[in-house]
Amino acid sequence: MTTSHSTTHTPELTWRVWAGFSAMCVGMFMAILDIQIVATSLPAIRDALKIEADQMSWIQTAYLIAEVIAIPLTGFASRALSLRNLFLAALSLFTLASIGCAYSPDFATLIGFRIVQGLAGGCLIPLVFSAVFLMFPVHRQGLATTIGGVLAVLAPTVGPTVGGYITQTYSWPWLFLINVLPGILAVSAGAWFVAEGARERGLLRRLDWLGLGALAIGLASLEIALKEAPERGWASLLILALLGTVVIMSAGFVARSLRHGEPIVDLRLFKDRNFAIACALSFLFGMGLFGSVYMMPVFLGLVREHGPLDIGLIMLVTGVAQLLSAPIAVQLEQRIDARLLTAGGFLCFAIGLGWSYDQTATTDFDEMFWPQVVRGVAIMFCLLPPTRIALGMLAEHKVPDGSALFNLMRNLGGAIGIALIDTVMWQRAPVLGKAIGIKLLEGDPDALAFANLTIYDIPPPGFVPPEQMLETIRPSVEAAGLTMAINEAWAMVALFTLAGLALVPFVRKHEQEISTNKAI
């Protein structure tokens, strides 16, 4: 395989490269942060635009569908337009769509602008990781990957805090208007500092429209199926039809891509064992990362009844741990075998996820502190070494497609992980709640402690409680059942993350990495 990315930079050029890369990181951070901060204010948006309750989730789903379609197209688009031009176009479009969302007069208009936001935001994420290996020499790629990686995983963590603050302090349009000033500044900096770069003229005229259609329909069907399956059931007619569409469209897309002269995505990259394994690791990491960011607000909001800002402040522990561990991760990533760092990262991340398995109805900041610290430290080692394994040894012209696929796998892992978590939580919670309710009526001391009740809250054994007594303890029973279901979901994502360890021994160590480590 061809190695690359050893460009020599003058001091002036290095400064300009860092400035341009920083602008691209701002764009990526905005795109990832957006989905998190909007989630905290969906009820406010629903009330303002008079949206039906069962339609509210489409504000997020529309963005996610567009984003997951755009991510794999980024490699093709960057070759056709150049890295710089695609970044400027995507961030400009994202900023304008944010303004459109803020001033949407009705639900349909908002959904339209959210789709545009998602298409633009999906391009901004893989562009940053492409830039690491296209704009920097080898000895600077570790630091650049860390900066991009920290922002990529920090955004979901601080999103609830930012969203909660805006929700409680300002009106809902500011969830979108917050993107405008950073967007303008980042576009200006990108236009000034990011080098023009090469582009393949005429490539857009050779776009595989049939492949694009199959990709878009397949990914959109998958997102909708994952959204609806936990509620409707995985065996329902609609879900089976959607999953069947996914299989057919995916098969058609793969066949088309392998035969077309200018495929939208170069699927032949998966022939590289290291790249394929790194993408599988990215998928498993996405399940744990997005799953943990999803479960914590559900528990803290529904069981502990905290507000959006309080939830965000509790979750900041993970973000602080990420930031503090980032410099250490940079130094170790340059000196230690990427396979060892990846194995250590996935092991620690699995421990941090599994540590939350013993939550009770009284669990709060103190009990959640150390599991968050362990996860926050581990996150950097689950992202940086696999990124180098995936992209560090690709030929320069293959990096954009590689980055798109690598980031797509993380997002798909998150989407599938959340769907499985929802299935576990909402199907198991009533069953577990009923079981713990029986134990409570029997006066079981462990069940009483778990549900945060005392023996005086429960009627004597054999006594049929009046309706008022049942209503008094029902919220506690339901909260306890949900807590137990969430605990099962924590265990599930921990096991999936642990499975990543089995893949690491199959990663090959390249000669260039060996010589680089010796030089350091």
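This passage describes the pocket, the cavity and selected helices and residues of a predicted model.

The largest pocket encloses about 1900 Å³ of space. Its lining comprises 50 residues, and those closest to the centre of the pocket are Ala 39, Gln 60, Tyr 294, Ile 418 and Asp 422. Two or more lining residues are contributed by each of helix 1 (11-39), helix 2 (42-49), helix 3, helix 6 (138-169), helix 9 (209-232), helix 11 (273-303), helix 12 (308-335) and helix 15 (399-441). Helix 15 provides the largest share of this lining, with 9 residues. When the lining of the largest pocket is divided by class, 31 residues are nonpolar, 10 are polar and 9 are charged.

Enclosed space was also examined. Rolling a probe the size of a water molecule over the atoms reveals where empty space remains. The structure contains 1 cavity of 30 Å³ or more, and the volume of the largest cavity is about 80 Å³. The residues that line the largest cavity are Thr 157, Leu 289, Ser 292, Val 293, Met 296, Met 315, Thr 318, Gln 322, Phe 349, Arg 375 and Ile 379. At least two of these lining residues come from each of helix 11, helix 12 and helix 14 (365-391). The greatest contribution to the lining of the largest cavity is that of helix 11, which supplies 4 residues. By class, the cavity lining consists of 6 nonpolar residues, 4 polar residues and 1 charged residue.

Helix 15, which gives the largest share of the pocket lining, was considered further. This helix has 43 residues, and at 1.5 Å a residue it should span 63 Å; the separation of its end C-alpha atoms is 61 Å, in agreement with that expectation. Within helix 15, a kink of about 40 degrees is located at Ala 429, shortly before the proline Pro 430. Gly 443 follows helix 15 and has a positive phi, near 80 degrees.

Positive phi values were also found in residues other than glycine. Most residues other than glycine have a negative phi. Lys 50, which is not a glycine, nevertheless has a positive phi, near 55 degrees. Lys 50 is placed in the loop between helix 2 and helix 3, and it counts as exposed because its relative accessibility is 72%, above the 50% cut-off. A positive phi, near 90 degrees, also occurs at Ser 82, again in a residue other than glycine. Ser 82 belongs to the loop between helix 3 and helix 4 (83-102). With a relative accessibility of 0%, Ser 82 counts as buried, since the cut-off for that class is under 20%.

Trp 58 lies in helix 3, which covers residues 58-81. The relative accessibility of Trp 58 is 25%, and this residue therefore counts as partly exposed. Apart from residues up to four places away in sequence, Trp 58 touches Ile 65, Phe 107, Ile 111, Ile 224 and Lys 227. Trp 58 and Gly 20 are 38 residues apart along the chain, and a distance of 34 Å separates their C-alpha atoms.

How values were computed: Residues are numbered from 1 along each chain as its sequence is written. This is a predicted model: local features need pLDDT of at least 70, side-chain atom pairs count only at pLDDT 80 or more; totals for chains, interfaces and linings use all residues. Side-chain values use heavy atoms; hydrogens and water are left out. Buried means under 20% relative accessible area, exposed over 50%, partly exposed in between (1.4 Å probe, protein chains only). Contact means heavy atoms within 4.5 Å. On a 1 Å grid over the protein atoms alone, a cavity is a set of points where a 1.4 Å probe fits but cannot get out, and a pocket is an open set with protein on both sides within 12 Å along at least five of seven lines; lining residues have an atom within 4 Å of a point. Grid points are joined across faces, edges and corners, and a volume is the space filled by probe spheres set on the points. Ala, Val, Leu, Ile, Met, Phe, Trp, Tyr, Cys and Pro count as nonpolar, Asp, Glu, Lys and Arg as charged, and the others, Gly among them, as polar. The expected span of a helix is 1.5 Å times one less than its number of residues. The bend at a residue is the angle between axes fitted to the seven residues ending there and the seven starting there.
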